[in-house]
Each structure stands twice: as C-alpha cells, then as structure tokens.
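Me: I've just opened a structure I don't know yet. Could you walk me through how to read it?

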Amino acid sequence: MKKRIDYLARSEEEALLLRHIADKVRALEEQHYLQIGPFLSPSERALVCRLMAYRDAPRIAWQGGYPEARRQLPVFLPDYLPDDFLDTTPEECPLAIVRCTPPRLEHPAHKDYLGALIGLGLSRRVLGDILVHETGADCIVKKEHASFIAEQFDRAGRIPIRCECITDLHLLHVPEESWTTEDVILSSLRLDTYVATVFRCGRNKAQSYITQGHVMLNDLPADKITRTVHPDDVVSLRRHGRTVFQDIVGKSRKENLIIRILRYPYR
C-alpha cells in the first residue's frame, strides 16, 4: 500500500491521512473487529476511496449522521458483519449529537461554534458537520468525545450556551440551507485566485486574507496562497460566506477555466 500512498498523496498532509487509513486497514486484518477512521471532507473521502480501490479491499460504511453530511468518517467492516450492521445495531454507531442552545435572541454563527470547539483542544478529525438552526446548533461528533464536549463546551464566541449529549441520531435537527449555484471563470486553480474571483476581493486582498487566517479550506485554516483547490473542496472567507467547488464545466474563449460552485451566503 505504500506505493499507492506515494502515488496518490499530493501533499505531506494527504500522505499522513492515507498512512493513518492504512493503519486502520492493518488493524482490521489483524484484530478482525470494525475500525473507525477520522471525519473527512468530501475531497478527502474521494482520496480514501481511491486508496481502497483494489481487489479484496475491506468494505467501508461511511457515517455522517444524515445522508447529505459533508463530513463523514469511514467504518471498516470485517468480513463477518453485514453491510447494514450499523443501521440494524444503533448502539454500535460511532456518532453522537451535542446539541447547543444559546439564550433567546442570541444566534452564534458556524464559525463561533467551530472556533470554540477547536479551542477545547479538539482535532477537526473528531468533529463532523455543525448544523446551525434557529434555536442553536447540533454538532455531530465521535461518540467517545461527546460527554467531554457536552460538559466543557459552554460558550460559542462570546455567547454562553447549554449543551446536551444525544445518542439517537433520529433526533438530529437538519436545517434547510439556501445554496445557490454559479459558474465562475478562473485563470487558475490556485487558492488566492479562487478567493479573489469567487469572493470578488482582488488578488492582493485575497492573499492577505489567506495569510491572516481568514480563509478556511475544508474547515481548516488555509495557510498557503499557492495551494490548489480541487472539486468538492469547501472554501469559506470570514464575513463573506462559504462555497463548494463542484466541478470544472468548460473553458472560456480565452482558455480560462469555467467552474461551477455552490454558494452559501454569510449570515
């Protein structure tokens, strides 16, 4: 598998992720018990699927809490378990909900919840989608961390919150999101070019936003202006909104790229 990792990984970060997945597969083969991986973005999931695209690869049950979840974790199933094992045995589900309730008339944003969770010392790998709704937010997390989060998570930004741990995923509150679809012309897939064009702020301003930590790529701070964006990447800019790079749909007359994005406005 080492050769496959060397071939697929585009960065050291991706190589570390794939090596971690390879360790899970090795543990599955040695222990013959299901193995749970980290939460992954859509582009990371696609990378893992490419790594596992070989004969006799173990089966993966992707878990995100709801069908449209962007962040999902892989559960590697041993041969003796059926494909629907996690559906028919809910107590084995590796996920839980931490429901956050702020005071009435207070509405923390997604970034407030995420920033506060990271401030607790948690890795993004143990955190799934954060679903902000009219009465607060439902945070999907690894079950093993849920009690700690519910006990320690008492503030989102400057706003106090109450938290409770819920293990029944049927109680998850999934809000409707007002995404819009747009086609955008880019001269390249560099991150600074994407930010400048999609958020209409100019190349110099985009580079400044990136170096100051205002740009998030797949829910993690983007630190390199020259980084390449890929289909399924989620790019957000503080106080400007969030976008999903869906696909390259063509080229303009000047041979620039035409890409399709989903845009979720800042609120």
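**Reading the fold and its cores**

Reply: Sure. Start with the secondary structure: the chain holds 8 helices and 15 strands. Keep in mind that this is a predicted model.

Me: How does the radius of gyration of the chain sit beside the globule rule?

Reply: The radius of gyration is 20 Å, close to the 18 Å that the rule gives for 267 residues, so the chain is as compact as a globular protein of that length. Along the principal axes, the C-alpha atoms fill a box of roughly 55 × 55 × 30 Å.

Me: And what share of the contacts joins residues 24 or more positions apart?

Reply: Count the contacts with a separation of 6 or more, and 60% of them are between residues 24 or more positions apart.

Me: What percentage of the residues count as buried?

Reply: Buried means under 20% relative accessible area. Here 47% of the 267 residues count as buried. On the outside, the accessible surface comes to about 14,400 Å², and carbon and sulfur atoms account for 49% of that.

Me: Now the inside. Which residues have the most contacts within the largest nonpolar core?

Reply: The general idea is that nonpolar side chains tend to be buried together in soluble globular proteins. In this chain the largest such core has 23 residues, and those with the most contacts inside it are Tyr-194, Val-195, Val-215, Val-229, Val-235 and Ile-259. Among the elements giving two or more residues to this core are strand 10 (180-186), helix 8 (203-211) and strand 15 (257-265). Helix 7 gives the largest share, 5 residues. Apart from this core lies another one of 20 residues, including Tyr-113, Ala-116, Val-141 and Ile-161.

Me: Let me zoom in on Ile-259. What is Ile-259 in contact with, beyond its neighbours within four places in sequence?

Reply: Its partners include Val-184, Leu-186, Leu-189, Tyr-194, Phe-245 and Ile-248, and also Glu-182 and Asp-183.

Me: Next, backbone angles. Where is Asp-56, and what is its phi?

Reply: Look in the loop between helix 3 (42-51) and strand 2 (59-63). Phi of Asp-56 is near 65°, a positive value in a residue other than glycine. Exposed means over 50% relative accessibility, so Asp-56, at 70%, counts as exposed.

Me: Which loop holds Arg-239, and is Arg-239 buried or exposed?

Reply: Arg-239 is in the loop between strand 13 and strand 14 (241-251). Arg-239 also has a positive phi, about 65°, although it is not a glycine. At 57% relative accessibility, Arg-239 counts as exposed.

Me: Last one: how far apart are the mean positions of the positive and negative charges?

Reply: They are 8 Å apart, taken over 38 positive and 37 negative charges.

How values were computed. Residues numbered from 1 in each chain as written. Predicted model: local features only at pLDDT ≥ 70, side-chain atom pairs only at ≥ 80, totals over all residues. Heavy atoms only, no water. Core = buried A, V, L, I, M, F, W, Y, C linked by side-chain atoms within 4.5 Å. Buried < 20%, exposed > 50% of the residue type's maximum accessible area, 1.4 Å probe, protein only. Helix = DSSP H or I, 4+ residues; strand = E, 2+ residues; numbered from the N terminus. Contact = heavy atoms within 4.5 Å. Rg over C-alpha atoms; globule rule 2.2 N^0.38 Å. Areas by Shrake-Rupley, 256 points an atom, 1.4 Å probe, with all protein chains shown as cover. Lys, Arg positive; Asp, Glu negative; His and termini not counted. Charge placed at Lys NZ, Arg CZ, Asp CG, Glu CD.
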